[in-house]
Amino acid sequence: MKSSVLIEFPASLFTDFLKIKVIKITIHPGIGKATANYFAQRNWNVIATTRSPGKEMELTELDNVLVTRLDVKDKDSIQESLVKGMKRFEKIDVLLNNAGHGARGIFEAATDERIRKLFEVNVFGVMHVTKAILPHFRRNNGGTIMNMS
């Protein structure tokens, strides 16, 4: 049985129906993919990024979704995904930072290496993607950044 995810967003995100919005989301089975579907069904253009775009079959079938490779630890892949998204949709209105790793167990048992790996994705990865899109938002006099954790 598949899980269902209910995602609620502020109504202000949908107030300008005359203008198609573009959102960039990191997808992975779960909340990222559900969020991409949520926006795609509401006629937003979606740049759905993942480390393995060849494995994503459902979203690639949608005309208003671009599935492209992005690894938050790889600055070149970040730039390439943004360029592809802007080439396809011209503008990005929203960045949804959704990539992340979790850890289980007691904290004092976590190795420094494990903690560094978590920070590499959950902190520095978010910072790299955000830094990459800020010049685009400035050129367009606006943009929205949402961070999920």
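The chain exposes about 9,700 Å² of accessible surface, and carbon and sulfur atoms own 53% of that. Keep in mind that this is a predicted model. There are 149 residues to look at, and 40% of them count as buried. Here's a quick tour, from the overall layout down to strand β4 and helix α3.

**Overall layout**

- The secondary structure adds up to 3 helices and 5 strands.
- Walk along the sequence and you get the pattern β-α-β-β-α-β-α-β.
- Take the contacts with a separation of 6 or more: 55% of them come from residues 24 or more positions apart.

**Strand β4 and its partners**

- Strand β4 covers residues 94–97, and its side chains split two ways: Val94 and Leu96 point one way, while Leu95 and Asn97 point the other. Whichever way they point, all of them are buried.
- On one pairing, β4 runs parallel to strand β1 (residues 22–26), with 3 bridges joining the two. If you want a spot to click on, Leu96 of β4 is the bridge partner of Ile25.
- Strand β5 (residues 144–147) is also joined to β4, through 4 bridges, and this pair runs parallel too. Here Val94 stands opposite Thr144 of β5.
- To get from β4 to β5, the chain goes through helix α3 (residues 112–139), making a β-α-β crossover that is right-handed.

**Asn97, at the end of β4**

- What does Asn97, a residue of strand β4, touch once you skip residues up to four places away in sequence? The list is Val126, Val129, Thr130, Ile145, Met146, Asn147 and Met148.
- Three of those names, Val126, Val129 and Thr130, fall within the residue range of helix α3, 112–139. Ile145, Met146 and Asn147 fall within that of β5, 144–147.
- Is Asn97 buried or exposed? Its relative accessibility is 4%, so it counts as buried; the cut-off for that is under 20%.

**The nonpolar patch**

- Phe119, Val123, Phe124 and Met127 make up a nonpolar patch on the surface. Together these residues have about 340 Å² of accessible area.
- Val123, one of the patch residues, has its place in helix α3.
- Why does Val123 count as partly exposed? Because its relative accessibility is 30%, and partly exposed is the class between buried, under 20%, and exposed, over 50%.

How values were computed. Residues are numbered from 1 along each chain as its sequence is written. This is a predicted model: local features need pLDDT of at least 70, side-chain atom pairs count only at pLDDT 80 or more; totals for chains, interfaces and linings use all residues. Side-chain values use heavy atoms; hydrogens and water are left out. Buried means under 20% relative accessible area, exposed over 50%, partly exposed in between (1.4 Å probe, protein chains only). Two strands pair if DSSP finds at least two bridges between them. A crossover is right-handed if, with the strands pointing away from the viewer, the path from the first strand over the helix to the second runs clockwise. Patches are made of residues with over 30% relative accessible area and no salt bridge: like charges are joined within 9 Å, nonpolar side chains (Val, Leu, Ile, Met, Phe, Trp, Tyr) within 5 Å. Accessible areas come from the Shrake-Rupley method with a 1.4 Å probe; for residues, only the protein chains shown count as cover. A salt bridge is a side-chain nitrogen of Lys or Arg within 4 Å of a carboxyl oxygen of Asp or Glu. Contact means heavy atoms within 4.5 Å.
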